[in-house]
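User: Please go through the model below in a series of questions and answers, with the criteria stated for each term.

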Amino acid sequence: MANLLMRTLLFSSILLISLFSSSTNAQSCSAHQFSNRLYATCTNLPVLNAFLHWNYHQVNHTVDLAYRHTGVTASNWVAWALNIDGTGMIGAQSLVAFQNSGGIRAYTSPISAFRTQLQEGPLSFGVPTISAEISGNQITIFATLQLPAGRTSFNQVWQDGLVSGNVPQRHALENANRASTGTVDFQTGQVSGEGGGAANTQRKRNVHGVLNAVSWGILMPLGAVIARYLKVFKSANPAWFYLHVACQTSAYAVGVAGWATGLKLGSDSVGITQNPHRNIGIALFCLGTLQVFALLLRPKPDHKLRFYWNIYHHAVGYATISLSIANVFEGFEILDPEKKWKRAYIGVIIALGAMALLLEAFTWFIVLKRKSKANSNKTSQVSNGENGVNGYGYRSQP
């Protein structure tokens, strides 16, 4: 009986502590007191120790807000942003603050590229006032926003990073940094900040990266190696041709799927159309499609146009492979995965390159050996008079 009582008391204590902790966490933003400001609504953002407080003024469709970011130092920058037409980083209209030699600096910065240094610039909506303060391990940005007409719900993004030489550096890419996105409705107070949008976008980026790295970045070069070197071996004919076609058509099919996911990612992000990675991807799709049609229109080996077709096919093929590899590395710069993935791809490319060099040397050895043997046979035939008396094409008289 005593043992049962002790277990009940222990369970009750744990339950009360859990409820108290949950209540404390839920009230952490509303419990904060500003020295000279009052905000009707606030929310605890789910990651990066961030909080958003605001007052929405329906009369003039403006918002007075305070963005608090704790757990930082004077060496950090913090930012909060609305993405009006997209999700995530590209297209974000951000409020930035950090401490420099002249004190705390607060300004606006529109983000149109992945590797941004948060340069100052006007946003797509008005920001009549912006200021910031630093207190201990907390930076707070105060601002008034003139919201775009007809809307009160937007995608939001928040972030932090290090400052070097009064210039914001790239933020970390931990799970919390990738999940710092959601939605906010300034009128109703409804907030979604679980990072689901970021996780979904990141998943699409990962799929896009894998599909394109495997197709354009690995299968395409492998198909070219097969076509160039296997056909030298007489026993590999015509198997090399079917292997080449299978490899290249598979690469094209998978690559188109990866290209489509890239277009979707681009359409979801404002400003992505100017990204070189996207432009190279479109060029690759066009070149790959031309190669497919070239296969269908391939002249027979003895056709007079076959020589020019070969020049075209090889030129477009090598251009496609070169751009493919370059664009995979562009993708690594944007996606910025763990270093092991980039190293793995570099290892694959080095392996393919080494294999191509060895096969190139071996191919030349075989070709020169065959030519030498052919010349030797020809010389032997001439010396034996097989081409006529003393090799001068003698014809016997009828």
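The exchange below moves from the overall fold to single residues.

User: What kind of model is this, and which pLDDT is needed for side-chain atom pairs?

Analyst: Residues are numbered from 1 along each chain as its sequence is written, and side-chain values use heavy atoms, with hydrogens and water left out. This is a predicted model in which totals for chains, interfaces and linings use all residues, local features need pLDDT of at least 70, and side-chain atom pairs count only at pLDDT 80 or more.

User: How many helices and strands does the protein chain have?

Analyst: Both element types are DSSP runs numbered from the N terminus, helices being H or I runs of at least four residues and strands E runs of at least two. On that basis the protein chain has 7 helices and 12 strands.

User: What share of the 398 residues is buried, and how much area does the chain expose?

Analyst: Buried denotes under 20% relative accessible area, exposed over 50%, and partly exposed the range in between (1.4 Å probe, protein chains only). Buried residues make up 37% of the 398 residues. Accessible areas come from the Shrake-Rupley method with a 1.4 Å probe, and for residues only the protein chains shown count as cover. Carbon and sulfur atoms supply 61% of the exposed area, which is about 22900 Å².

User: Among contacts with a separation of 6 or more, what percentage joins residues 24 or more positions apart?

Analyst: A contact requires heavy atoms within 4.5 Å. Of the contacts in the protein chain with a separation of 6 or more, the portion from residues 24 or more positions apart is 58%.

User: In what order do the 5 strands of the open sheet stand, and which are its edge strands?

Analyst: Two strands pair if DSSP finds at least two bridges between them. The pairing in this open sheet is antiparallel, in the order E1-E2-E3-E8-E7. Each edge strand pairs on one side only, and these strands are E1 and E7.

User: By what angle are neighbouring strands of this sheet turned against each other on average?

Analyst: Axes are lines fitted to C-alpha atoms (for helices over the stretch in contact), and angles run from 0 to 180 degrees between N-to-C directions. For neighbouring strands of this sheet, with direction ignored, the average is 15°.

User: Why is strand E3 described as largely enclosed by the rest of the structure?

Analyst: Strand E3 (residues 62-70) is joined to strand E2 (residues 50-57) by 8 antiparallel bridges, and to strand E8 (residues 138-146) by 9 antiparallel bridges. Strand E3 is largely enclosed because, of its 9 residues, the number buried is 8.

User: Which residues stand opposite Val63, Ala66 and Arg68?

Analyst: Val63 in E3 stands opposite Tyr56. In E8, Ala66 has Phe142 as its bridge partner, and the partner of Arg68 there is Thr140.

User: Which turn residue of the E2 and E3 hairpin has a positive phi?

Analyst: The hairpin has 4 residues between its strands. With a phi of about 55°, the turn residue in question is His61.

User: How many salt bridges are counted, and how far apart in sequence is the pair that includes Glu120?

Analyst: A salt bridge is a side-chain nitrogen of Lys or Arg within 4 Å of a carboxyl oxygen of Asp or Glu, and the count comes to 2. Glu120 forms one with Arg105, the closest N and O atoms being 2.7 Å apart. Glu120 lies in the loop between strand E6 (103-110) and strand E7 (126-135) and Arg105 in strand E6, so the pair ties together parts separated in sequence by 15 residues.

User: Which distant parts of the chain does the pair of Arg228 and Glu360 link?

Analyst: The side chains of Arg228 and Glu360 meet in a salt bridge with an N to O distance of 2.9 Å. The two residues are 132 residues apart, and the linked parts are helix H3 (residues 196-229) and helix H7 (residues 339-383).

User: Where does the cis peptide bond that joins Asn237 and Pro238 place Pro238?

Analyst: Omega of the bond between Asn237 and Pro238 is about 5°. Pro238 is found in the loop between H3 and helix H4 (239-267).

User: Is Asn49 buried or partly exposed, and in which loop is Asn49 placed?

Analyst: Asn49 has a positive phi near 55°. Its relative accessible area is 47%, so Asn49 is partly exposed. The place of Asn49 is in the loop between strand E1 (41-44) and E2.
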